[in-house]
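Open your viewer, switch to a cartoon view and keep the selection box handy. Each stop below tells you what to pick next and what you will find there.

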Amino acid sequence: MTSIRSVLLPRRGWQQAAWLAAVMCSQLLLLSASAQSCQSARQCPFRLLAVGDSLTKGAVPSKQLNHPYSIRLRALLKKKFKNGATPVVTTAAYNFMGVFQKAQNDDGQALDTTLVPLTRRQLHKAKQQGFAYQWVVVMAGINDLGAGDRTAAEIMPRLVEAYSLALASGANVLAIPPFPNRFVSRSSQNEQERLQLGVLMQSWVAQQPAAADCDQPRVYLLDLPSFWFDFWSMPPERRAELQDDKLHLTERGYDLLAWQVFNAISPRVPLQGCWCRDAASSSRRQGRL
């Protein structure tokens with residue numbers, strides 16, 4: 001019978017035996033560390049906060065229902081994580097809300113809240129509960145442009161305040177510019193201000209410093225493709241498929257928006273979901289992917 005020793009070792013004495021033992025020990029340690037890492041990732045959910053107005057809430061006026069993009073986004077993130085990491089997508093959104101415009105609840109009652117206080121409350125609540133968001137997605141401003149008749153120059157500093165709160169918490173930020181509001185004319189000053197707001201957002205994001213290391217949060221701009229979101233120019237049949245009224249989306253439209261958000265953040269989200277850190281760690285390292 002061939003011995004195990006004769007199969008594994010080329011009969012060169014105790015040096016080879018010691019070397020083989022060291023290699024096997026190292027491999028076992030690596031496997032053990034890998035298993036612990038995977039277990040840690042499964043126990044630490046990937047957390048994303050979607051904050052904004054009725055478009056974030058997913059309002060579909062013709063059906064009197066809400067279908068937020070966060071529903072499909074969570075499903076896409078869950079499919080991405082191969083090792084069972086649990087994505088948690090929280091929606092904090094109100095009808096009619098903006099950076100100046102106060103929110104309304106589903107009964108039409110005015111609420112004393114706007115984008116910045118809402119963002120601050122959600123981040124503070126997360127900290128109190130001992131976790132941090134890895135991403136904060138912000139979409140607001142269309143109500144300030146429309147009902148509020150505000151200019152892009154007035155709106156932008158308030159958006160920056162919301163972005164800065166999220167960045168200070170350790171989250172990455174995805175900023176979504178408002179898409180067309182067809183309740184106003186395409187040639188109106190309101191539409192020109194919407195376009196200008198997009199330019200200001202793009203300029204501000206471009207001016208932000210590049211990440212110094214992998215733990216530093218970043219801000220990104222979601223450039224929505226005109227083929228799907230330029231509701232002024234698209235064929236009527238495609239517009240009817242994606243836009244419910246002259247502003248809000250259909251359920252398919254919100255699902256499409258979820259795909260755009262997912263495609264923007266997915267390359268920057270590791271498969272293990274996140275690295276577990278408690279909310280008491282430094283804000284520079286908190287929740288960073």
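Rings of Phe, Tyr and Trp (its six-membered ring) pair if their centres lie within 6.5 Å, and planes over 60 degrees apart count as edge-to-face. Keep that in mind for the opening stop, and bear in mind that this is a predicted model.

**Stop one: a ring cluster**

Select F179, F229 and F231, which ring pairs link into a cluster. A search of the whole structure finds nine aromatic pairs. Take F179 and F231: their ring centres are 5.8 Å apart and the planes stand at 75°, so this pair is edge-to-face. It ties together distant parts of the chain, with F179 in the loop between strand 6 and helix 8 and F231, 52 residues apart from it, in the loop between helix 9 (226-229) and helix 10 (236-242). Now add F229: with F231 it forms another edge-to-face pair, 6.1 Å centre to centre and 75° between the planes.

Are these rings buried or exposed? F179 counts as buried at 4% relative accessibility, F231 counts as buried at 0%, and F229 is buried too.

**Stop two: N181**

Stay in the loop between strand 6 (172-175) and helix 8 (189-207) and select N181. With a relative accessibility of 8%, N181 counts as buried. What does its side chain reach? Show the backbone nitrogen of F183, which lies 3.0 Å from the side chain of N181. Then display I142, R194, W232, K246 and L247: N181 touches each of these, leaving aside residues up to four places away in sequence.

**Stop three: strand 6 and its partners**

Step back along the chain to strand 6. Here N172 and L174 point one way while V173 and A175 point the other, and all are buried. On one pairing, strand 5 and strand 6 run parallel and are joined by four bridges; look for W135 opposite N172. Strand 6 also pairs in the parallel sense with strand 7 (residues 219-221), over three bridges. To find that pairing, select V173 and its bridge partner V219 in strand 7.

**Stop four: strand 1**

Next, colour strand 1 (46-52). Seven of its seven residues are buried, so strand 1 is largely enclosed by the rest of the structure. Its two faces are both covered, with F46, L48, A50 and G52 on one side and R47, L49 and V51 on the other. Seven bridges pair strand 1 with strand 4 in the parallel sense, and L49 stands opposite T90 there. Strand 1 also runs parallel to strand 5, joined by five bridges; A50 has V137 of strand 5 as its bridge partner.

**Stop five: helix 5**

Finish with residues 115-128, helix 5, whose 14 residues reach 20 Å from first C-alpha to last, close to the 20 Å expected at 1.5 Å a residue. Which of its residues are buried? Highlight L115, V116, L118, T119, Q122, L123 and A126. Turn the view to look down the axis: these buried residues of helix 5 fall within an arc of 165°, so they line one face of the helix. Their cover includes strand 1, strand 4 (87-93), strand 5 (135-139) and helix 7 (152-168). Rotate to the face turned away from the buried side, and you will see the exposed residues K127 and Q128. Helix 5 is followed by G130, which has a positive phi near 85°.

Key
Residues are numbered from 1 along each chain as its sequence is written. This is a predicted model: local features need pLDDT of at least 70, side-chain atom pairs count only at pLDDT 80 or more; totals for chains, interfaces and linings use all residues. Side-chain values use heavy atoms; hydrogens and water are left out. Buried means under 20% relative accessible area, exposed over 50%, partly exposed in between (1.4 Å probe, protein chains only). A polar contact is a pair of N or O atoms within 3.5 Å; within protein, one must be able to donate a hydrogen and the other to accept it, and residues adjacent in sequence count only if both atoms are side-chain atoms. Contact means heavy atoms within 4.5 Å. The expected span of a helix is 1.5 Å times one less than its number of residues. The arc is that of the directions from the helix axis to the C-beta atoms. Two strands pair if DSSP finds at least two bridges between them. Rings of Phe, Tyr and Trp (its six-membered ring) pair if their centres lie within 6.5 Å; planes under 30 degrees apart count as stacked, over 60 as edge-to-face and the rest as tilted.
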